Amino acid sequence: MRTPTRLEELTRWQAVWRQAPLLIGLVVLWVFLWDHVDVLTITTGIVLAIAVTRTLYLPPVLLSGRFDPWRGLLLGLRMMFDVVRASLEIAWAAVRPGPPPINAIIAVQLLTRSDLVTTLTAEAISVVPGTVVVDIDRERGLLYLHAFGTRDEEDLAHVRRQVLGTEERIVLAIGTREQAAAVRAARRHRRATGDRPVEPEPAEVPPHVAREIAPEQAASRHPLDDEGKDDA
């Protein structure tokens, strides 16, 4: 039997269990703001956390109920490595002689439509110096980001691979089992075929200038979108 993935498929207790980490996080944030731990502070934090999650109109954020400690550790280590490497690259670009680096606004098609995974991916990408997310197309799962030092098509492809790699590591750490299995399958396929996202025909631009990529042929359906699938 497949684990429920949509809000309407969950029982009341399942929904409460999925929301519990978010409620606990809000309570902890409230305690940090007051910098004082007592019964009154904790009680008001619980009341406010419930009120915020129940009254404010926001899309429901349901956690997968799954966390892989090993994958979470690898995600954290890779994030620290990316931050250090990107910082050194930008520092060197600031002092080295020669023409200034060329930047670009590019679009990256994510594998999943999950609001939580999309948000975490955008945050992780923006933390690394040299890339910052400027817009998100939630309906199509597109991230628009400003990328540093993109002089040619290979640089653009490298940025896309970095973004998709970050999304994959997040899914493997906290995503559902179905999403994790689909990510592994997509990664094996990409390694075997060297498949890349479909892009429009390149315009006539100088070879040293990276062009802006518009997602005119973005997939209407996401590879990891299993909301419309019926159980066998």
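I'll start with one residue: E154 is partly exposed, with a relative accessible area of 41%. Its partner is R161, and the two form a salt bridge in which the closest N and O atoms are 3.0 Å apart. R161 counts as partly exposed too, at 39% relative accessibility. Before going on, I should say that this is a predicted model.

Now the overall picture. The chain has six helices and three strands. Reading from the N terminus, the order of elements is α-α-α-β-α-β-β-α-α. There are 232 residues in the chain, and buried residues make up 32% of them. The chain exposes about 15,000 Å², and carbon and sulfur atoms supply 63% of that area. As for contacts, take those between residues at least 6 apart in sequence: 68% of them join residues at least 24 apart.

Back to salt bridges. How many does a search of the whole structure find? The search finds five. I have described the one between R161 and E154, and I'll go through two others.

The next one is in helix α3, which covers residues 69–95. Here the side chains of D82 and R78 meet in a salt bridge, at 2.9 Å from N to O. Both residues lie in that helix, four residues apart, which is about one turn. Is D82 buried or exposed? D82 counts as buried, because its relative accessibility is 8% and the cut-off for buried is under 20%. R78 stands at 32% relative accessibility, so R78 counts as partly exposed. The pair also belongs to something wider: R78, D82 and R85 are linked in a network of salt bridges.

The other salt bridge joins R138 and D115, with the closest N and O atoms 2.8 Å apart. This pair links distant parts of the chain, 23 residues apart. R138 is in the loop between β2, residues 131–137, and β3, residues 142–147. D115 is in helix α4, residues 115–127. Both ends count as partly exposed, R138 at 43% relative accessibility and D115 at 26%.

Next, two helices that meet. Helix α5 covers residues 153–174 and helix α6 covers residues 177–193. Their axes come within 8 Å and cross at roughly 145°. The crossing is left-handed. Which residues meet there? From α5 we have E168, V171 and L172. From α6 they are met by Q179, A180, V183, R184, R187 and R190.

E168 deserves a second look. This residue sits in helix α5, and at 5% relative accessibility E168 counts as buried. What does E168 contact, leaving aside its neighbours within four places in sequence? The contacts are L111, V183, R187 and R190. V183, R187 and R190 also appear in the list of α6 residues that meet α5.

Now to the surface, and to the first two helices. L26, L29, L33, W34, V52 and L56 form a nonpolar patch on the surface. Together these residues have about 610 Å² of accessible area. Where does the largest share of the patch come from? Helix α1, residues 12–34, supplies that share, with four residues. V52 is found in helix α2, residues 39–55. V52 is partly exposed, with a relative accessible area of 38%.

Helix α2 also holds L48. L48 is partly exposed, at a relative accessible area of 37%. L48 and L26, one of the patch residues, are 22 residues apart in sequence. In space they are 8.4 Å apart, C-alpha to C-alpha.

One last residue, D35, is found in the loop between α1 and α2. What is notable in its backbone is phi, near 55°, a positive value in a residue other than glycine. D35 is exposed, with a relative accessible area of 69%, and the cut-off for exposed is over 50%.

To recap: the salt bridges include R161 with E154, D82 with R78, and R138 with D115. Helices α5 and α6 cross at roughly 145°, and E168 in α5 counts as buried. The nonpolar patch takes its largest share from helix α1. That is what I have for today.

Note on methods. Residues are numbered from 1 along each chain as its sequence is written. This is a predicted model: local features need pLDDT of at least 70, side-chain atom pairs count only at pLDDT 80 or more; totals for chains, interfaces and linings use all residues. Side-chain values use heavy atoms; hydrogens and water are left out. Patches are made of residues with over 30% relative accessible area and no salt bridge: like charges are joined within 9 Å, nonpolar side chains (Val, Leu, Ile, Met, Phe, Trp, Tyr) within 5 Å. Accessible areas come from the Shrake-Rupley method with a 1.4 Å probe; for residues, only the protein chains shown count as cover. A salt bridge is a side-chain nitrogen of Lys or Arg within 4 Å of a carboxyl oxygen of Asp or Glu. Buried means under 20% relative accessible area, exposed over 50%, partly exposed in between (1.4 Å probe, protein chains only). Contact means heavy atoms within 4.5 Å. Axes are lines fitted to C-alpha atoms, for helices over the stretch in contact, and angles run from 0 to 180 degrees between N-to-C directions. A crossing is left-handed if the near helix is turned anticlockwise from the far one by less than a right angle, and right-handed if clockwise.
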